[in-house]
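This report looks at the surroundings of a bound molecule and then at enclosed empty space. Please keep the sequence and the structure in view while reading.

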Amino acid sequence: MTTSTDPAERVHRALDALRIELPSWGFADTGTRFGKFVQPAAAATIDEKIADAAEVHRLTGCCPTMAVHVLWDFPDGPGDVPRVRRLAERAGIQIGSINPNLFEDQRYKHGSLANPDADVRRQAVAHVLDSIAIAREAGSRDVVLWLADGSNYPGTAHIRMRRRWLEEALQEIHGRLSAEQRLLIEYKPFEPAFYHTDIADWGMALLLARAAGPQARVLVDTGHHYQAQNIEQIVAWLLDEEMLGGFHFNDRRYADDDLTLGSIDPYQVFRIFHEIALYESEHPGAPPPAYMIDQSHNLKGKIEAMIQTVQVAQELAARAALVDRERLRGLQDRAALVDAEETLRRAFLTDVLPWVREWRRARGLAEDPLAAFRETGYIERITRERSGRSKATSSYA
Ligand code: RM4
Ligand code: MN
Ligand code: MN
């Protein structure tokens with residue numbers, strides 16, 4: 001298929017197609033297991049998180065949805081959903097993916113959906129079923145499952161039995177999805193479990209998604225890999241299997257650090273976007289993966305960090321759109337190694353900012369969203385409004 005050679009047009013098209021979901025927990029005070037540095041402007045309620053996410057969307061034009069964490073954002077259960085849904089819509093955004101919480105309750109000490117105790121498994125399933133009901137009520141498509149399940153000491157868990165229990169639970173959960181809903185299964189190699197994790201990598205997540213049913217897909221959190229893992233290859237394989245559901249964007253230097261996307265290895269993010277762009281050019285009409293940010297900044301200003309992350313994603317997706325894929329294909333076939341690599345690298349090194357700015361202007365957006373945010377006085381206003389009032393705990397760390 002022929003692709004435009006005009007770089008501006010390629011960039012504009014890529015940006016038109018890119019939607020990025022913001023995490024509600026990214027606007028709240030979070031920390032590490034050693035402590036929390038609170039920010040007076042941090043959001044404490046779902047109302048405040050919606051206001052902050054809407055502000056990011058207003059400035060960037062590409063973040064129309066906000067992911068929620070059931071326990072932190074709907075502590076009173078489904079009853080609050082219609083109000084929150086209306087609130088989001090009035091603010092110009094929508095409720096995005098729904099994240100059940102299967103890791104905080106004391107009963108999950110030895111796992112949730114893979115717990116050896118059938119009662120605990122039933123309670124965990126019930127929570128996910130409630131979350132599916134919340135998703136339906138909220139008008140959101142994706143339910144994202146991340147499990148802390150695992151064990152800490154060799155010999156203490158029956159690894160294969162836990163897999164069976166997990167499969168059974170996922171099948172039951174899948175059976176409750178409505179036709180337009182999806183179940184996204186997230187993997188993570190370790191932490192909080194330090195000996196074995198029940199869904200430790202993309203292969204396990206893929207097998208479980210297949211066992212769960214046709215509306216289940218794999219979610220790739222970019223921070224949930226070991227140091228040397230080739231994430232773009234995982235992405236390419238999942239695309240090839242039609243099993244890539246979406247992403248949690250962040251970067252990592254050591255483990256699950258939740259650093260800003262592309263702050264450590266922007267080339268990695270570019271290569272991921274390239275694999276997706278390549279696949280999409282070969283499969284026109286294929287549904288795009290859900291792009292979600294999963295970062296909770298302990299030290300950076302939360303809204304600024306989100307705007308910065310969105311910009312990084314846009315710039316790297318724009319660069320990936322510039323790869324001359326037809327030429328690359330020919331070079332690969334001839335094993336023209338240096339020229340093939342240079343084709344990729346040159347696109348990565350292209351300064352796309354002028355075209356990104358042009359795109360923003362053409363869509364009535366601020367050319368420099370971060371500068372525009374600082375001019376609004378929003379942060380000063382919420383700092384005044386929010387400081388001093390007592391904060392309900394609204395996130396995990
Ligand atoms: C995990 C994972 C999940 C997130 C939890 C709180 O590390 O990234 O996506 O929901 O943290
Ligand atoms: Mn995640
Ligand atoms: Mn994580």
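## Polar contacts of the ligand

In this predicted model, the side chain of histidine 69 places an N or O atom 2.9 Å from an oxygen atom of ligand 1. The side chain of glutamate 186 likewise has an N or O atom 2.8 Å from an oxygen atom of ligand 1, and for aspartate 294 the corresponding distance between a side-chain N or O atom and a ligand oxygen is 2.8 Å. Taken on its own, ligand 1 has 290 Å² of accessible area, of which the protein covers 94%.

## The shell around the ligand

Around ligand 1 there are 11 residues, and those that come nearest are His69, Glu186, Lys188, Asp256 and Asp294. Sorted by class, this shell consists of 5 charged residues, together with 3 polar and 3 nonpolar ones.

## Enclosed space

Rolling a probe the size of a water molecule over the atoms shows where empty space is left. In this model, the count comes to 1 cavity of 30 Å³ or more, and the volume of the largest cavity is about 60 Å³.

The lining of the largest cavity includes Lys188, Pro189, Phe190 and Glu191, as well as Gly223, His224, His225 and Tyr226, and it also takes in Arg252, Ala255 and Asp256. By class, the lining residues of the largest cavity divide into 4 charged, 4 nonpolar and 3 polar. Lys188 and Asp256, which are named among the residues that come nearest to ligand 1, also belong to the lining of the largest cavity.

Key:
Residues numbered from 1 in each chain as written. Chains lettered and ligands numbered in written order. Predicted model: local features only at pLDDT ≥ 70, side-chain atom pairs only at ≥ 80, totals over all residues. Heavy atoms only, no water. Near = heavy atom within 4 Å. Polar contact = N/O pair within 3.5 Å; in protein donor to acceptor, adjacent residues only side chain to side chain. Areas by Shrake-Rupley, 256 points an atom, 1.4 Å probe, with all protein chains shown as cover. Nonpolar A, V, L, I, M, F, W, Y, C, P; charged D, E, K, R; others polar. 1 Å grid on protein atoms, 1.4 Å probe; cavity = no way out; pocket = protein on both sides within 12 Å on 5 of 7 lines; lining within 4 Å. Points joined across faces, edges and corners; volume = space filled by probe spheres on them.
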